[in-house]
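Student: I would like to go through this model with you, starting with a helix and then the sheet. Could you take my questions one at a time?

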Amino acid sequence: MRGEGTPRSAGEPAAGGSADVCSDDLPDGLVVADSEGVVLLVNRAAERLTGVTRGAAVGKHITDALPLRDPEGRDWWKCLDPHGGLVTRTRQPERPMHLPGRQELLVAARLVRRPERAGPVIRVVITLRDASARARLERSRADLVSTVAHELRSPLTSVKGFTATLLAKWERFTDAQKLVMLQTVNADADRVTRLITDLLDVSRIESGRLEIHRQVVDIPARARRLIAGRVAAGESADRFRLDVRGELPETWLDQDKIDQILGNLLENGVRHGRGTVTIVVEAVEWGVAVSVRDQGEGVAPELVTRVFRQFWRGNGRRRGGTGLGLFIVKGLVEAHGGTISVQRAPGGGAEFRFTVPTGTPDFA
């Protein structure tokens, strides 16, 4: 244990004062103990996660103040054994632990030595995190794997079936039959490509690696092009309407990503809505706003907060697709410095409205 005359190292937290203020700014729980396990510091996040106040913990041994146990019921401090093991040991990896009557926590420890290399342990710095966040992440990953497997299986089964049939019985089919089979294979290959593109976009959005390549983009022109493409693919021209209101400012955006945003919102309006899908483009105080409205059921108020989450498929019903489209749209809009929301359209149905700022080539 530290003697009263032992000088405090630079950066070493104190049992009170400004160090407590700094530690209270941390999002994760922080507990500092001396080499014998006497608690020196507990930050606000640790109080919230453990239910133990700093007043009740500081000055007590950690096994009394925070009796952490692993899933097998073993005492965490004894398993840590700060004075045992290799003298070069400086950390214990994050592990799931629990306190009596509390939720599971993820606990990691750093052994502070002086001197740093092979010196005796003078302090133990313990970090605490809520394990429910990890559980949500694991569920999200499991959902992603399940969704991807489901969405890939159908087109790949089709591709395999048609190619195997053509290879085995090529001479038995007419040119027209071969053409239909090859067109189906081509369409299913496009589905797989779109799914892989969606997964890459999700990965880039979640990791913050989404890149925006700005140029002057005429949003109404991009909308007209997308509508023309859907009409050429066989949809009725009466299904779509474009309403450009007033003069629009110059916008520097990523053209491919704006096409992706508009395309996903159009697809959502066609798939989940009814009647005419209307795109309204207008200038606002700090940029350009685009509203995509349908005439369907709309989005129930209790579902509004879920719309832009991964795997949302509309009013709780599975209507095909991966459920990643609106999550990607939100990520792409925010990467431009914009915002997006959903509300009830003036004529009923859903209205997805996003706003992107005006800017220059250097705006980011």
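Student: Where is the place of Arg-222?

Tutor: In this predicted model, Arg-222 belongs to helix 8, which covers residues 219-232.

Student: Is Arg-222 buried or exposed?

Tutor: Arg-222 counts as buried, because its relative accessibility is 15% and the cut-off for buried is under 20%.

Student: Leaving aside neighbours within four places in sequence, which residues is Arg-222 in contact with?

Tutor: With those neighbours set aside, Arg-222 has contacts with Val-217, Gln-255, Asp-259 and Leu-262.

Student: Now the sheet. In what order do the 5 strands stand?

Tutor: The order is 2-1-5-4-3, in an open sheet with antiparallel pairing. Strand 2 (39-42) and strand 3 (91-98) are at the edges; each has a single partner strand, so one side of each lacks a neighbour in the sheet. From one strand to the next, the twist averages 20 degrees.

Student: What holds strands of a sheet together in general?

Tutor: Strands pair through backbone hydrogen bonds, in either a parallel or an antiparallel manner.

Student: How many bridges join strand 4 to strand 5?

Tutor: There are 9 bridges between strand 4 (residues 104-113) and strand 5, and the two run antiparallel. Among the bridge partners, Leu-105 is matched with Asp-130 in strand 5, and Arg-110 with Val-125.

Student: And which residue stands opposite Val-125 in strand 5 on the strand 1 side?

Tutor: That residue is Val-32. Strand 1 (residues 29-34) pairs with strand 5 (residues 121-130) in the antiparallel sense, over 6 bridges. Val-125 thus has Val-32 opposite and is also the bridge partner of Arg-110.

Technical notes: Residues are numbered from 1 along each chain as its sequence is written. This is a predicted model: local features need pLDDT of at least 70, side-chain atom pairs count only at pLDDT 80 or more; totals for chains, interfaces and linings use all residues. Side-chain values use heavy atoms; hydrogens and water are left out. Two strands pair if DSSP finds at least two bridges between them. Helices (H or I, at least four residues) and strands (E, at least two) are DSSP runs, numbered from the N terminus. Buried means under 20% relative accessible area, exposed over 50%, partly exposed in between (1.4 Å probe, protein chains only). Contact means heavy atoms within 4.5 Å. Axes are lines fitted to C-alpha atoms, for helices over the stretch in contact, and angles run from 0 to 180 degrees between N-to-C directions.
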